[in-house]
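Student: Please take a close look at one part of this model. I would like a single connected account of a strand, its pairing and the loop that leads to it.

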Amino acid sequence: MSATSSFTPEELRKVELNRLRAKARQRQQESQASSSSVPNANQKRPLDVTPATSNSPTRPGLSKPLKRDSRLGSYFEYDLSKMVNSKGGFLVEDGKEADEDLRAKERERERQRAMQNVEPPMYLDPSLNPKCKECETIDIDYTFRKVFGCLVCNRCKDKYPEKYSLLTKTECKEDYLLTDAELRDRELLPHLLKANPHKATFANMMLFLRCQVEDFAWKKWGSPEALDAEWERRVEEKKKKKNKKFEESLRDLRRRTREGVWQRRKDQEHKHVFGTTHTTEDGGAQHVCHECGFTVDVEII
């Protein structure tokens, strides 16, 4: 009978557990005894795994955010990629406020234009309705009637452009020599507001009726001939001012050019530096320049 047959199953289990514990303890002692500076059989340092409880900065796990330095003081963080220039001297973080301002301006411009486009009701009695002063039709342009006080239909507007065409503010100033104050006065010259073709948020475009502008210009300057004479005088005056400015700039350029040439010549001019007097073989005397070698015969008294 073998020696193990005398042990009970419980005793055999304890023996096996003790053997496993002894092997585990032996492996642990061997691993502790082996240092990182001691090479292994392959002449390499053993590779150790950094435990999770280590204080190494490269330990596994989520890194905590850096603490803000209190010496930096108070500051605000902005996302420049989301900022919008509101043209008001400050920046807006998102486009909501800027868009609201633009929409408010557009609504205000539309409201100003809509106030002049309201059409009055028509009467059943034709004699009570206003008529076009050119063709006597009742199909008149109510915008012209309300803004300019002019009774004219759409067909007559196209038929007589020399009377009922619209002029811009720039045309009135350049062709009829009217001022901004006169054009802004609605009692003198009523104007029609139209949307600015460049941008909806810009100021509305002011349009004037040609016949009214011409009547006011004839009264201001006396006659069409007087207006033409004044226009030619201003054109000649502009030409004279332009020529005068050109001549002044040309004279200044010539003056600066002459001064520059004279200064360069003055700088390039050589001044002789003579040393002591040298006696020549024939008994004369000479002065020699040290820089260029120029000689001058002198007479010794």
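**A strand and its surroundings**

Tutor: Start in the loop between β4 and β5, where asparagine 204 is found. The model is predicted, so read what follows as computed from that prediction. Asparagine 204 has 10% relative accessibility; buried means under 20%, so this residue counts as buried. What is asparagine 204 in contact with, leaving aside its neighbours within four places in sequence? The list is Arg109, Gln112, Arg113, Leu193, Lys194 and Ala195.

Two of those names, Leu193 and Lys194, lead into strand β4, which spans residues 191–194. Strand β4 runs antiparallel to β5, and 4 bridges join them. Within this pairing, leucine 193 has methionine 206 of β5 as its bridge partner. Leucine 193 thus appears twice: it touches asparagine 204 and it bridges to β5.

Strand β5 also pairs with β3, residues 166–168. That pairing is antiparallel too, over 3 bridges. Here leucine 167 stands opposite phenylalanine 208 of β5.

Now β5 itself, residues 205–209. Of its 5 residues, 4 are buried, so the strand is largely enclosed by the rest of the structure.

For contrast, turn to the surface. Phenylalanine 246 lies in helix α9, residues 224–268. Its relative accessibility is 53%; exposed means over 50%, so phenylalanine 246 counts as exposed. Together with Leu250 and Leu253, Phe246 makes a nonpolar surface patch of about 270 Å².

How values were computed:
Residues are numbered from 1 along each chain as its sequence is written. This is a predicted model: local features need pLDDT of at least 70, side-chain atom pairs count only at pLDDT 80 or more; totals for chains, interfaces and linings use all residues. Side-chain values use heavy atoms; hydrogens and water are left out. Buried means under 20% relative accessible area, exposed over 50%, partly exposed in between (1.4 Å probe, protein chains only). Helices (H or I, at least four residues) and strands (E, at least two) are DSSP runs, numbered from the N terminus. Two strands pair if DSSP finds at least two bridges between them. Patches are made of residues with over 30% relative accessible area and no salt bridge: like charges are joined within 9 Å, nonpolar side chains (Val, Leu, Ile, Met, Phe, Trp, Tyr) within 5 Å. Accessible areas come from the Shrake-Rupley method with a 1.4 Å probe; for residues, only the protein chains shown count as cover. A salt bridge is a side-chain nitrogen of Lys or Arg within 4 Å of a carboxyl oxygen of Asp or Glu. Contact means heavy atoms within 4.5 Å.
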